[in-house]
Structure formats: structure tokens, C-alpha cells
Amino acid sequence: MKAIQVHEYGGPEVLKYEEVPDPTPGPGELLVEVRAAGVNFADITSRIGRYRPALPWIPGNEAAGVVIGLGEGAEGFRIGDRVAWATPPAGLQIRYTNPGKAAKVRDTVARTYAERAVVPADRAVKIPDGLGFEEAAAVILQGITAHYLAFAAYPIKPGDKVLIHAGAGGVGLLLTQLAKECGATVYTTVSSEEKAALSREAGADHVIIYTRENFAEVVDRLTDGTGVEAVYDSVGAMTFEGSFQSLKPRGYLIYYGMSSGPVPPFELSRLNIGSYYVTRPSFAHYTETREELVSRAEGVFNRVVDGRLKVRIHGVYPLAQAAEAHRALEGRQVSGKVVLVP
């Protein structure tokens, strides 16, 4: 089969379109013909070596497709089922709830930049009628992320004020819609007028173009100096300080990405300034059980099917052009989701 393979860490040029052996499902696994694979910033983080998956490595941790093979004991699925799935980023180390159950995710990565992939059956969810493969691949990871950010990492309440960075990104657009569903006033940051229009279309009440204004100062002015209950920050190094300045006392900073780089070492005593809370939620921990995974996936899929949640796909690239998809994402040229199609 054809796949994208990485033999060394580096820029987009290390993504090689090659012939590789077909995967074989093991016990409890599904063999899936990939119809669409999502591109995530975590793929870039792994590609450049920040998470350092074992090489050679087939990227990708989110996709949708058709079941074409069943490993022994793979229950709940049949040949021909339409499924979607997502796993944590390759190379990231995750500590699970049970003592002694530490695992490197590189051992279970789904490797979705390929014509076929193997996925643990307990991490796959069925795609409902009315939802296409590209939409399912676009929303399975980012939609579930937005779901646990809005309903669990900080449960948004009616009347809350929240700040969402990268408001025109894939998660940002979905999270904005869910925050409005919860009854919040939503402030977002974006880099351009074009992205501002998309953020407003998703329901943002106030959109701040951070290339023109200091977002923390704008939030302070718009909230009459009180700040917001929660800041959702996927940018990291560039926004972390301003995010703190935007919080009201006892506010929550939900740091869930680092597209501008990791946050520098931080002195915990600074939280005392406003009795702040800081959390770094992980997809793995908010979908740790089968029940939670299915509940969140169905909550997202059902909202898309009935029109309550709009999914924006920025672009669909042939699998062979994965490097171009990465360049677009790294270059901040993307509003919404990027999808690869084998």
C-alpha cells in the first residue's frame, strides 16, 4: 500500500510518499481502508521531533474509513462498517489512572497517513448516517477536544465570559459554537480580517485581531477590568502571559496546545495573584474509558448531523501532498481543518 513515511525528524520535506507493507490486525484490532485522514498540529510536533516517535514512522492519529478486516476478539464491528477514530499524538508519553500503567503512545499510534490502517476496536466509533468520511475525519479529534474543553476541563456556565485563542482554527471554531450553546459570551483572537469573519460566523461576540491589538488589554477593556472565567489557549509561548492577564480571580487557564512553542518554565507561586487554576487536558485522559469516548463522539457527531455544529474543512489534499498540507498548517494559512485523501 501507499503511505507517508518519516525516516528522520525535520521539516515537511521529510514526509515521503512510499510503498510500505500492508498492516495486519492483531487481537482486538480492526483493519480499516482509510477514506480520509485528518491533519493535526500534533503531527507537526511529532514530525519535528518534539515528541520523538520511533522511526521510521507513518504519521497521523485521526481518520475515517471502512472496516475490511477483523482481528481475533475485535467485538462490536463487522466488515463494511463505517468508522472513525483518533489516538493521542505519536511519541507522547501518557500516564493513565491505574498505578503502574504508564505507556508510550508510539506503541498504539494508528498511522493514518496511509491507504490502510490498524486501529484498536475499543478506540473506533461508528459513523452515523448523514455524516461523510471527510467530515468525520475532520471532527473526530478536534470535535471531541472541543467537547471536553467546553463541558469538562472547565464546564462553561450560562453568563460566563471565555477567551478562545486561534478562534478560526479547527478547534477554535467548534469550541466557539459549543461555548455559545452553553450560554457564554465568547471573545476570540485571530490574525486577520478574513479569519475574524469566520470566527464571527461561528458565533464569537468579540473578535480581537492580535496582530493589531494587545488582546489582554482589549479583554480588560471589554470586561470593564473584571476578566474572563476561562481562557482556552492552544498557542502556548506567544499567548501564555496575556492569557493570565485576561483571567478574573479564580479563573481557569486551559492550556491545550503549543502551536507557537512550549511555555517557558513557570513559577507556581504566581497563581496566587488571582488564585488561578491552570490545567493541561489530554485527549487520552478525557476519552480514557470506552463509555466516555463513545459519549463524546456521539455528542459531536449528532450535533453535526442535525446542524447544531458546523464543521469547516479548509482544504482536502491527496495523500501524496501531505508535505503541502503541513506547510499550510505551519504557515498559519489554515482556517478550519485540513484533510488528506488516499
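How many residues apart in helix H8 are Glu-292 and Arg-296, and by about how much of the helix are they separated? Select both residues to begin the tour; the model on the screen is a predicted one.

**Stop 1: helix H8**

Show residues 290-305, which form helix H8. Glu-292 and Arg-296 lie 4 residues apart there, so about one helical turn separates them. In an α-helix there are 3.6 residues a turn, so residues three or four places apart point the same way. Display the two side chains: they meet in a salt bridge, with 2.8 Å from N to O. Glu-292 has 25% relative accessibility and therefore counts as partly exposed. Arg-296, by contrast, is buried because its relative accessible area is 8%, which is under the 20% limit for buried residues.

Next, view the helix along its whole length. H8 has 16 residues, and its first and last C-alpha atoms are 22 Å apart, close to the 22 Å expected at 1.5 Å a residue. Now colour its buried residues: Leu-293, Arg-296, Ala-297, Gly-299, Val-300, Phe-301, Arg-303 and Val-304. What covers them includes strand S5 (82-86), strand S9 (124-126), helix H2 (133-153), helix H3 and helix H7 (283-286). Just after H8, select Gly-307, which takes a positive phi of about 90°.

**Stop 2: the six-stranded sheet**

Turn now to the open sheet of 6 strands, whose order is S12-S11-S10-S13-S14-S15 and whose pairing is parallel. At its edges are strand S12 (206-209) and strand S15 (277-279), each of which pairs on one side only. On average, neighbouring strands of this sheet are turned by 15° against each other, direction ignored.

Within the sheet, select strand S10 (residues 161-164) together with strand S11 (residues 185-190); the two run parallel and are joined by 4 bridges. For a single position, centre on Lys-161, which stands opposite Thr-185 in S11.

Add helix H3 (residues 170-181), one of the elements covering the buried residues of H8. Helix H3 packs on the sheet, where it touches S10, S11 and strand S13 (228-233). The direction of H3 makes about 165° with that of S11. Then add helix H4 (residues 193-201), which also packs on the sheet and touches S11 and S12. In this case the angle between the direction of H4 and that of S12 is about 160°.

**Stop 3: salt bridges between distant parts of the chain**

Across the whole structure, a search finds 15 salt bridges. Two further pairs may be inspected here.

Select Asp-205 and Lys-180, which form a salt bridge whose closest N and O atoms are 2.8 Å apart. Asp-205 belongs to the loop between H4 and S12, while Lys-180 is in helix H3; the pair links distant parts of the chain, 25 residues apart. Asp-205 counts as partly exposed at 37% relative accessibility, and Lys-180 is likewise partly exposed at 31%.

Finally, select Glu-330 and Arg-47. Which helices does this pair link? Glu-330 lies in helix H9 (residues 322-330) and Arg-47 in helix H1 (residues 41-47), 283 residues apart. Their salt bridge has its closest N and O atoms 3.1 Å apart. Is each partner buried or partly exposed? Glu-330 is partly exposed, with 28% relative accessibility, whereas Arg-47 is buried, with a relative accessible area of 1%.

Key
Residues are numbered from 1 along each chain as its sequence is written. This is a predicted model: local features need pLDDT of at least 70, side-chain atom pairs count only at pLDDT 80 or more; totals for chains, interfaces and linings use all residues. Side-chain values use heavy atoms; hydrogens and water are left out. Two strands pair if DSSP finds at least two bridges between them. Axes are lines fitted to C-alpha atoms, for helices over the stretch in contact, and angles run from 0 to 180 degrees between N-to-C directions. Contact means heavy atoms within 4.5 Å. A salt bridge is a side-chain nitrogen of Lys or Arg within 4 Å of a carboxyl oxygen of Asp or Glu. Buried means under 20% relative accessible area, exposed over 50%, partly exposed in between (1.4 Å probe, protein chains only). The expected span of a helix is 1.5 Å times one less than its number of residues.
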